[in-house]
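User: I'm new to reading structures, and I keep tripping over the labels people use. Could you go through this one with me?

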Amino acid sequence: MTTPQSSTGRRARKLTIAAALVAAGALATAALAQAFSFTTVQIDGNQRIEDSTILSYAGISKDQAVTPAELNDAYQRILASGLFETVEIVPRGNRLIIRVEEYPTVNLITVEGNARLSDDTLLPLIETQSRLVFNPTTAEEDAVRLAGAYAQSGRLAARVQPRIIRRSDNRVDVVFEVFEGGVVEVERIGFTGNDVYSDRRLRRVLDSKQAGIFRSLINRDTFVPDRIEFDKQLLTEFYQSRGYVDFRITGVNAELSEARDGYFVNFSIEEGQQFAMGQVEVVSDLPEVDLELFQSALRSRTGRVYSPEVVESEVVRLERLVAREGMNFIRIAPRVSRNDRDLTLDVTYELVRSQRLFVERIDVEGNTTSLDQVIRRQFDTAEGDPFDARAIRNAADKIRALGFFGDVQVNARQGSTPQQVIVEVDVEEQPTGSLSFGGTYSTSDGFGLAVDFAERNFLGRGQKLSLGITTTDSNRRYKFSFAEPAFLGRDVRFATNISYGTTNNQTSDYDTTVGSFSPSLTFPMSESTRLSVRYSADLSEIMNVGADVGSLINDEATRGQLWQQSVGYALNYDSRRLGLDPNNGFKVEFSQDFGLDSESDTFLKTRLLASAQTAVLSEEVTLRATLEGGAINYSGAGSRITDRFLLGSRTMRGFELGGFGPREIDTPAGVNDALGGNYYAVARFEAEFPLPLPDELGISAGVYYDIGSLWGLDAANANTLYEDFEARHVIGASVFWDTALGPLRFNFSQALAKEEFDRVQDFELTISTRF
């Protein structure tokens, strides 16, 4: 086996000698005559390449007067064709002899020594191809590309060596021998020059992570130079969105450890001063512009921390108003004036005339799976509309936000006339489906098995489809959901949810079966508000009632299988959709369902959820408050336990599912049934903060205080307890652990106020959730 370098070196010496001979001959001949003239041209050594092809490269015809310089040019052209290892041009009287040695043909291409990256990943990077002429330069470039692929995966020490194995009939096998080396990790990330935000807070901004105890599972702790560039962009956006408009990164120092297995990365930064919004106004010289209307559309106010994202959001808002008012060829030009004395930035939005350009067409390429309409509906601009560069950029962002494509490029070029523009969209598809098998555990339900299938771009239509099965010691749940995000081509989301579940109560001697079918439509009412309307058909049954069950649930079970039909709505407001403040936000969800069951009883079910969150102390501490409540009003025979609210630790920490609220207690008969309630109200307050531990452990902590109650029944007896409002109080501490398996939350609770027969839960392990 030989390397292209060694064989190329010998051939290079041959070429040098041949060239010297040709040059010497040419100089000697030049001394006797100014030009050659050949009556015959003889070509030796070629096997696959025809004589006519070589003569065409040489560019020499019979009886043509040729100077020594032209002979040298002919030599260079034949050599530059890349088809020959050696070339000699020898003039002998009236005869010109051209001797060549052809490069071999590539027979087979293989990669050896690769374990971390598969052949399927590496072979597409190789430009050397079977059944084509072997080129040493191309093989060396292939080796560089393969080494680059390893560098992108953090293996900076990887080396790739191309070698050839000579076969018969002037053929060679090309083998790329790989030495992968080890992963070079980011051992430590530090910052210099940061006074406002701590190293810990800034490390959470970066995409690169420090190597931790899960270093074998986490890829983002490998050192990749391109990722460091992305980190610089993230760091800049973080500071600028918080008013530090003069922020800059003065340098990034990445030092390799002595063991050459890790990098110490340090970002040198200058934070600068924080600026706030000064005067915010809309101006225009255009007579058709109603300044008062546009001024009232602004959401940013004087004194708010300045952010480029806020300015961008305001521009988009004003442009939408321009379109709604039917004013074409008007653009919003924001101007920012700096006031260093009071550290404010005045923002003026000027409405000015824009160039009269129209969108000729929108071309979409690269979507091998996704339909054109999935991409085109992200554009608010249609073919023939006035061209708006900002609207095109917003469409590009929305296409990227779909998550269907690994790369999205949107560009505009001149169309068939100077007044027309062609928008070109080039995308690269990426996998959008997932199939997962896993285990679940919670202290309330025990161990379980979960199987989930999800497809975010079903049949390339942008639709979402999911199937799931979850089983635990006491529950089985099957669910199916489908969603069309652009129903009838409009900004309306159509969804269908089907679920079926059975419960084997561990603490009560009865089982339940619940099924549901619910289609819905969701559409925007404003930038931050969504309205959903829905229909639901529900099935419920209480069965397998044992001797230890009280009379209330026994009576409810005798009603048999019940069907319920209802129509309802849900109103959702989320301030974060406005994008005005990255640290603060709140959301409100209010819903009502009006229904009728198979016994002709009517009901009204109402829910309210309000949450607020803010970050304080340089964003080191997150404060969160949630208020949640619900009410069900049932006519006729009243509600059953399958209808009423049954709360647990997911709503109020420190209690088991059904651990508080109305109960039927008959101690001699062994009855202790949780009955649920028609009304509930819970308030949750918590603070999350870092611990003085290494960041790579991914551990933080929190404290919380919950207060709430569950009350109200349509029927009661002498054994019924806690039917009235009786508040429970719980305090506790949490430990959050970001693991490769998911964010885990450990809750340690202490009930300050509880009732005698409540069932508390002092410890709970769950998957953490965020606001």
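Analyst: Sure! Keep in mind that this is a predicted model. Let's start with glutamine 295, which touches Val280, Glu281 and Val282, leaving aside residues up to four places away in sequence. Glutamine 295 sits in helix 8 (residues 291-296).

User: How far apart are glutamine 295 and valine 280, in sequence and in space?

Analyst: They're 15 residues apart along the sequence, and their C-alpha atoms are 8.7 Å apart in space.

User: Why does glutamine 295 count as partly exposed?

Analyst: Its relative accessibility is 31%. Buried means under 20% and exposed means over 50%, so with 31% glutamine 295 lands in between and counts as partly exposed.

User: And what makes aspartate 593 count as buried?

Analyst: Same kind of check: the cut-off for buried is under 20%. Aspartate 593 has 13% relative accessibility, so it counts as buried. You'll find aspartate 593 in strand 26 (residues 584-597), and the residues it touches include Ser566, Phe603 and Leu604.

User: How do you know that the side chains of aspartate 593 and arginine 534 are joined by a polar contact?

Analyst: The contact between those two side chains is 2.8 Å. The limit for a pair of N or O atoms is within 3.5 Å, with one able to donate a hydrogen and the other to accept it, so 2.8 Å fits the distance part.

User: Now the helices. Why is helix 2 called oblique to helix 3?

Analyst: The axes of helix 2 (residues 51-58) and helix 3 (residues 68-80) cross at roughly 125 degrees and come within 7 Å. Roughly perpendicular covers 65 to 115 degrees, and roughly antiparallel starts over 145. An angle of roughly 125 degrees fits neither, so helix 2 is oblique to helix 3. The contact is made by Ile54, Tyr57 and Ala58 from helix 2, with Ala74, Arg77 and Ile78 from helix 3. By class, that's five nonpolar, no polar and one charged.

User: What makes strand 9 and strand 10 edge strands?

Analyst: They belong to an open sheet of three strands, in the order 9-11-10, with mixed pairing. Strand 9 (185-192) and strand 10 (248-256) each pair on one side only. On average, neighbouring strands in this sheet are turned by 15 degrees against each other, ignoring direction.

User: In which sense do strand 10 and strand 11 pair, and over how many bridges?

Analyst: Strand 10 and strand 11 (residues 262-270) pair in the antiparallel sense, over eight bridges. Alanine 254, for instance, stands opposite valine 265 in strand 11.

Notes. Residues numbered from 1 in each chain as written. Predicted model: local features only at pLDDT ≥ 70, side-chain atom pairs only at ≥ 80, totals over all residues. Heavy atoms only, no water. Pairing = 2+ DSSP bridges. Helix = DSSP H or I, 4+ residues; strand = E, 2+ residues; numbered from the N terminus. Axes fitted to C-alpha atoms, helices over the stretch in contact; angles between N-to-C directions. Parallel < 35°, antiparallel > 145°, perpendicular 65-115°, else oblique. Contact = heavy atoms within 4.5 Å. Nonpolar A, V, L, I, M, F, W, Y, C, P; charged D, E, K, R; others polar. Buried < 20%, exposed > 50% of the residue type's maximum accessible area, 1.4 Å probe, protein only.
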